[in-house]
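Me: I would like to learn how to read the contact between two chains. Where should I begin?

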Amino acid sequence: MEFSIDLLGQSTVQILPILFLLLVGLALMMLDAFKVHGKILPILTGLGLIFSAVLALAYGSPSSQVAFFGMLETGGIAPLVHVFLCASGLFTLFFLPDYLKRYHRPIEDVYALLVFAVIGMVLMANAADLIMTFIGLETMSMCLYIFAAMYKTEERSNESGFKYFLLGSFASAFLLLGISLIYGLSGMHQLPQAKVSMGSLLNLDVLANTLPNVLEGSNVNEIIFYTAIGLILIGFLFKVAAFPFHSWTPDVYEGTPTPLAGFMATGGKMAAFIALGVIMQKLNFFYIENGVEFETYPKIIQVLAIASLLTMIYGNIVAARQTNIKRMLAYSSIAHSGYVLLGFCAGGDGFEASLFYLFIYTLMNIGAFGMVGMAERQYEDTHMDHWKGLGKKAPYFAAAMSVFLFSLTGIPPLAGFMAKYQVFITAIRADLILLATVGILTSVIGAYYYIRLIVYMFFGEEQETAPDLNTRFTWMPATGIALLVALILFFGVLPSTILSPIDKVVESGLGIVMASLGM
Amino acid sequence: MESLAPNAFSYLAVSIVMFAIGTIGVMTRRNGIVVFMCIELMLNAVNLSLVTFSRMHNDPTGSMLVFFVMCVAAAEAVVGLSIIIALFRNKLDIDINNLNIFKW
């Protein structure tokens, strides 16, 4: 790092991956303004995302380090998170151009917005300061609102965008109030030295020191603290579509262009979950004494556990009743949030399991949403009956879709099984027997609605009017599908290739990501 | 609490009341634009509390966050109002009770 420019008070090199993404986004906007259209924009976007991920791996240090005046974490877990989020954007790109072209609405701005959404996600997930969490969340959400409302002449699109926008900003207002209360509490702690040296009072490391002192022996402060955390949880549970705050999910996903709905359901969710997990880790929600893990704030974990329980039950039961595939996938994504939350309730190991789950879920869900987009007869028409007999008409299509669906169900040789296994095993180790049991039982309900679609495809009567899916297998979606299927099989057989790097960075904060990835 | 303490709590009370008005407005109003205004009111209520805390603690972090919140609110207004305009062009109506295309 000899060439570090001390422009921002800290090494600029550390934020290079994000600066690079920002440049790519701005360049894409400019190219669009100068009428450069066609396949070149998605390819540039993809290359930008890949290069940014490589930069993050190359410049991120294995131990924790902060950049940008203590605002952004660039070491430890951060490079891996950056790679995951770029991957979710990248896989979406494989399905997006063909989908937009099919409806004769190639909106080229979408690529720039995709990059900006990824930037927001990375900022939010890697934030070391609650200010950055808020800004990242809003950057991401703003792009996602536009995705939902993208087809401005289509009433469905308007409606889903409007709903998402109103409910989303309503939830962020609560999050912001929570941050404000935390700030009010944090400042009450008088440090011997001048406060100037501490930097931001909302920095997570600073909060980890000030909050316990403020809470000690003060009932009022404790009530304020729990209110604040409750409000912050509302904001996050909304973004991840957990039970009491899930109602927007099916409507928004249904009205959003299908590949982008997949991006929302994976990247957006992953970023919000990681941000929440990092806050829980940094504020020491769990502590270890004599090798046994304890909860610092048991009430908060109980609330999360109840949310997880209800999310799993509700998402799976309602998904089983759906006849529209996109709504089914939306409810199933609610259910998957419940499984990730289950990991969060299980402490430190649970966070690793959740991270693994989120990554695998990204692979299979982007694939599933992308293929649903390919099979649409006309704009946003995704009724399940249209899938009958696809197995004969388009065998490759049906086979690949089956891999995604089996993986979402959690059938052994596929990655989805390993992800679920990791989450449930950590939950059982943490004595969350009831939650784990409910999780396993609701997965069985999940098997019903996922496998029903496979039965439709292979044993249903052939439809006369079904679109010719074989012509839709152009090189872009075909490459994407092949890559995703290969990754799902690979991580299903060798989960340790991704689990051990996660393990290392989360566990010790000193894990050597690059070495374990063979770089 | 420093010298401003007695005043500070009245500011905080105003902020909480404003936030509550905003929340109730979002839940009861049916006109999309009024709902959006109520959300802005909630954000501004938080801004007031942040500034108050900032002054109480004699620390700049809160005031700093206020600037970001104002930027975010402005960006949100751009996105939100354009979505509302697109919706109005198609439906000639922004009553949120009439948003009922999607059914489970």
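Reply: Begin with the buried area. This is a predicted model, and in it chain A and chain B bury about 4,100 Å² between them, with 77% of that on carbon and sulfur atoms.

Me: Which residues of chain A lose the most area to chain B?

Reply: They are Glu159(A), Phe162(A) and Tyr183(A), which together make up 17% of what the chain A side buries. As for residues in contact, 49 of chain A meet 43 of chain B.

Me: How many salt bridges does the rule find across the interface?

Reply: A salt bridge needs a side-chain nitrogen of Lys or Arg within 4 Å of a carboxyl oxygen of Asp or Glu. The rule finds one between chain A and chain B. Its partners are Glu155(A) and Lys91(B), at 3.9 Å from N to O. Polar contacts are counted separately: eight residue pairs, both residues at pLDDT 80 or more.

Me: Which helix gives the largest share of the chain A side?

Reply: H6(A) does, with 21 residues. Helix H6 spans 155–186, and the elements giving two or more residues also include H5 (130–148), H9 (248–255) and H12 (325–345) of chain A. By type, the chain A side has 24 nonpolar, 13 polar and twelve charged residues.

Me: What is the mean pLDDT of chain A?

Reply: The mean is 85, and 90% of the residues reach 70 or more. Over residues 509–519 of chain A, however, pLDDT is below 50. Residues 1–5 of chain A also stay under 50. Where pLDDT is low, the predicted coordinates should not be read in detail.

Technical notes:
Residues numbered from 1 in each chain as written. Chains lettered and ligands numbered in written order. Heavy atoms only, no water. pLDDT = per-residue confidence, 0-100. Contact = heavy atoms within 4.5 Å. Buried area = accessible area lost by both parts, 1.4 Å probe. Polar contact = N/O pair within 3.5 Å; in protein donor to acceptor, adjacent residues only side chain to side chain. Helix = DSSP H or I, 4+ residues; strand = E, 2+ residues; numbered from the N terminus. Nonpolar A, V, L, I, M, F, W, Y, C, P; charged D, E, K, R; others polar.
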